Amino acid sequence: MSKTLVRFAPSPTGNLHVGNMRTALVNYLYARKVGGDFMLRIDDTDDERSTPEFEASIRHDLQWMGMDWDQEDRQSSRIDRYMAALDQLVQSGRAYKCFETQDELSLKRKSQLAAGRPPVYDRAALKLTAEEIAAKEAAGEKPHYRFMLEDVTVAWNDLVRGDVAVPMSSLSDPVILRADGRVIYTLASVVDDMDHGVTHILRGEDHTTNSAAQIQLFEALGGKAPEMGHFALLAGADGEGLSKRLGSLSIASLREDGILPIAVASLLARIGTSDPVEARQSMGQVIEGFDITRFGRATPRFDPEELKMINSKVIGGLDYTDIASALEALGVGGGDLFWHAVRGNINRIEDAKMWYDIATQPITPQIEAGNVITAAITALPEGEMTAETWGQWTKAIMAATGEKGRAVFMPLRLALTGQSAGPELKGVLPVMGRDRILARLNGEAA
RNA sequence: GACCCGUUCGUCUAGAGGCCUAGGACACUGGCCUUUCACGCCGGCAACACGGGUUCGAAUCCCGUACGGGUCGCCA
């Protein structure tokens with residue numbers, strides 16, 4: 001049994017969104033769970049749409065997510081291999097030249113559709129004689145090549161969908177080389193998977209029929225298809241296909257919204273499975289609980305609100321050492337004490353800055369009538385505000401006023417922060433400082 | 001249009017003929033705890049898309065309908 005190798009094979013024709021990232025993540029987790037290798041393969045055979053910028057962005061997003069890869073390759077560097085494979089298919093009679101133009105083909109499809117028939121290629125090119133082909137080529141017509149499908153039902157045991165059967169009669173012979181000489185992904189991918197020794201192909205169910213054709217391609221090339229797993233695609237929160245609104249769900253936009261990678265991983269690795277979605281603190285935990293057999297066949301909905309909630313939970317469990325540098329970059333002080341006070345009250349790390357500003361920049365206090373504030377002013381301990389100040393102070397206020405609980409607490413919160421809800425004041429007092437506390441208790445905008 | 005897949009609490013799902021007066025998690029919600037909030041603990045609300053059939057018995061099997069997703073590219 002060879003070592004498990006899976007791959008994520010994006011084409012650099014756009015930025016990663018949650019759907020892509022889920023595919024990448026599933027592959028990554030699968031590899032890590034069994035101690036196999038994870039490969040990044042850049043599928044850039046479509047050089048009209050592929051750009052270095054998109055490739056860089058994809059790499060950046062993957063790294064941001066905390067995914068590392070053990071191997072990498074790119075299709076544009078393997079053209080020779082693909083041409084050799086094509087040659088092999090031509091020799092064995094499985095690949096053939098076609099001369100229809102794209103217009104002719106789309107016209108053909110249209111009339112088939114109109115007649116209520118599946119738009120399957122009619123293999124007209126197979127009827128061409130050697131002379132006709134020679135004449136066309138002499139006239140300067142460039143052929144494209146198709147792979148001849150065997151008319152059987154291709155079946156396999158899918159890692160997530162169970163027994164799958166695709167009758168090939170419903171499929172067109174796939175084009176594998178374009179008239180302009182560029183290789184099509186269908187062939188390139190199979191050649192790569194064979195050469196690299198990919199053991200499992202895990203991708204979205206939109207590839208199911210592709211897989212059926214490619215299984216024949218693997219065999220025609222003298223190889224054997226890897227294990228396959230096709231998971232259901234994500235839908236939006238309203239049940240609509242995700243593709244219609246990808247813009248707002250790009251990884252980059254999530255990052256800008258202050259969503260942490262581990263929150264994204266926590267959700268994407270579990271959505272559509274029977275395992276509970278929980279906020280994890282590390283990729284190791286996500287890997288540990290991953291099980292591809294838990295995926296269902298139904299289309300799960302991806303709700304950005306759920307991601308936000310998970311993000312809040314992740315943040316609530318973060319230790320100061322985890323994000324000390326991020327806080328420093330934001331200009332948030334107060335150290336461990338302040339962070340612990342604030343982490344349960346924020347949805348994004350950036351929000352810590354908001355509470356820090358409330359503690360350190362002038363605000364308008366809300367002074368509630370009553371004797372609590374008066375007592376607070378006289379009872380405020382002298383000297384440096386520490387972690388112990390809050391306890392001593394409130395105890396003194398309670399003793400002086402006879403009030404307790406919320407009656408003591410809320411007036412203080414309103415006066416000190418101007419808000420009715422927020423982080424534990426115990427951790428806020430030290431950064432606020434005695435002078436500002438006193439001023440706010442006196443109703444000054446300090 | 002054809003073909004494939006799907007449809008169980010708001011959400012993700014468990015469920016492979018009697019174990020289901022349908023279980024869990026998240027969300028929501030009531031209470032307890034607590035020097036607010038949160039956490040934690042205890043409780044509650046809440047679903048088998050619809051219609052036929054098979055069967056002593058169906059969420060589970062069959063047929064149909066509706067709805068959703070996917071595929072049908074010289075994209076990947």
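Helix H4 (102-114) is the main contributor to the lining of the second largest pocket, giving 4 residues; helices here are DSSP runs of H or I with at least four residues, strands are E runs of at least two, and both are numbered from the N terminus. The model is a predicted one, so to speak of local features takes a pLDDT of at least 70, side-chain atom pairs count only at pLDDT 80 or more, and totals for chains, interfaces and linings use all residues. Residues are numbered from 1 along each chain as its sequence is written, and side-chain values use heavy atoms, with hydrogens and water left out.

As for that pocket, H4 and helix H7 (208-220) each supply at least two lining residues. A pocket, on a 1 Å grid over the protein atoms alone, is an open set of points where a 1.4 Å probe fits, with protein on both sides within 12 Å along at least five of seven lines, and lining residues have an atom within 4 Å of a point. The second largest pocket holds about 370 Å³ of space, a volume being the space filled by probe spheres set on the points, which are joined across faces, edges and corners. Of its 19 lining residues, Arg 146, Ser 172, Asp 173, Pro 174 and Val 175 come closest to the centre. Domain 1 (5-73 + 185-233) and domain 2 (80-177) both give residues to this lining, so the pocket lies between them; the domain bounds come from an automatic or database assignment.

The largest pocket offers about 990 Å³. It has 39 lining residues, and Ala 9, Ser 11, Asn 20, Asp 206 and His 207 are the closest to its centre. Strand E1 (5-8), H1 and strand E9 (200-204) each supply at least two residues of this lining, with H1 giving the most, 5 residues. Because domain 1 and domain 3 (236-316) both give residues to the lining, this pocket sits between those two.

H1 (residues 18-34) turns up again in the largest nonpolar core, where this helix gives the most, 9 residues. That core has 85 residues, and Leu 62 and Trp 393 have the most contacts inside it. A nonpolar core is a set of buried Ala, Val, Leu, Ile, Met, Phe, Trp, Tyr and Cys residues joined through side-chain atoms within 4.5 Å, buried meaning under 20% relative accessible area (1.4 Å probe, protein chains only). Apart from this core lies another, of 34 residues, including Tyr 82 and Leu 187.

Technical notes. Chains are lettered from A and ligands numbered from 1 in the order in which they are written. Buried means under 20% relative accessible area, exposed over 50%, partly exposed in between (1.4 Å probe, protein chains only).
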